[in-house]
Amino acid sequence: MQEGATINLTIIADDIALDDMNVTESNPGALNTDIQGLEWTGKLWAHINETSPDTIVYLNSDYSLNKTVNMGQDMNDLDYVSDTEWYVVNNTHALLWNGTNTSFDSSWDLSAWFSEISTIEYNPDNDKIYVAGFDNGLNSLIVKFNTSFSYEANFTPVPDDIEFIEYADGTWYTITFSLGSYTLRKCSGEFNDCNYPTWDFPDDAYGLEYISSTEQWYYTNNTHIKKIDLYRERGFDYIIKDTKLGYEVSEYFSMDNNDVTIYSALIDVPENRNYSII
């Protein structure tokens, strides 16, 4: 009997961006209104509820109410770093919160850079904090600070209003607002170019969260928390030919298999032969 070998075909490439954002779930928040900002702690959801004054709301994983914390002031966004370390912003200040108290532990005045702050995001890869909003000339601006909020750099990646920024597995994303529509933008580098790919939201977008462990995206439209798909995996078809004999040893075409896409394949072939793979 002739000895056998196995050819391992596995695709190594970035996922393909969908042309349109695909909403796969829509779950009403426990308070069902005025949701601003969105964070996942690994156990609980958290968001701001825009009452007067605003509260921070914790939701269980099934979106039922866990607890609320009345912070005594208006807030625009929040960012989870750890169970005892959160960053929050209002129009002019960045605030440090321990996740439980009804007051903030520290406050930094950022009015020298911003007339109105919209969002804040901590980057664990470089231990920096990024804040976005309108500068004092009402232009969109992103500013990088260290954890003591000393200025390091600023960026103006797009002319549209920057509503939220999100750092996801080494890549920056922004939500922008223009002409009545919200758009999610993937950026290259440190906000070098945020124009491809882009996805338009089907409705308003008041918060964005990426969960790295599941590679899943969520946003809120003020009343619901929605799960979305932005990418699909790259698949492939193949033909393996014996180069000497010229015949096909194995082939796979998704169109002949109910459009089922494959991402890897193990093909047993006779040993000591030369094969071409198409």
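1. In this predicted model, N49 stands opposite T55 in strand β5. This pair is a useful place to start reading, since N49 and T55 can be set beside the account of the two strands β4 and β5: β4 covers residues 45–49 and β5 covers residues 54–59, and the two run antiparallel, joined by five bridges.

2. Strands β4 and β5 belong to an open sheet of four strands, arranged in the order β3-β4-β5-β6 with antiparallel pairing. The edges are taken by β3 (35–40) and β6 (65–73), each of which has a single partner strand, so one side of each is left without a neighbour in the sheet. On average, and with direction ignored, neighbouring strands here are turned by 20° against each other.

3. A second region to examine is strand β20, residues 216–220, which is mostly covered, five of its five residues being buried. From β20, the residues Q216, Y218 and T220 point one way, while W217 and Y219 point the other way, and all are buried.

4. On one hand, β20 is joined by five bridges to strand β19 (residues 207–211), the two running antiparallel, and L208 stands opposite Y219 in β20. β19 and β20 form a hairpin with four residues between them, and in its turn E215 has a positive phi of about 55°.

5. On the other hand, β20 also pairs with strand β21 (residues 224–232), in the antiparallel sense and over four bridges, and here the bridge partner of Y219 is K226 in β21. These two strands, β20 and β21, form a hairpin with three residues between them, and N222 in the turn has a positive phi of about 95°.

Note on methods:
Residues numbered from 1 in each chain as written. Predicted model: local features only at pLDDT ≥ 70, side-chain atom pairs only at ≥ 80, totals over all residues. Heavy atoms only, no water. Pairing = 2+ DSSP bridges. Axes fitted to C-alpha atoms, helices over the stretch in contact; angles between N-to-C directions. Buried < 20%, exposed > 50% of the residue type's maximum accessible area, 1.4 Å probe, protein only.
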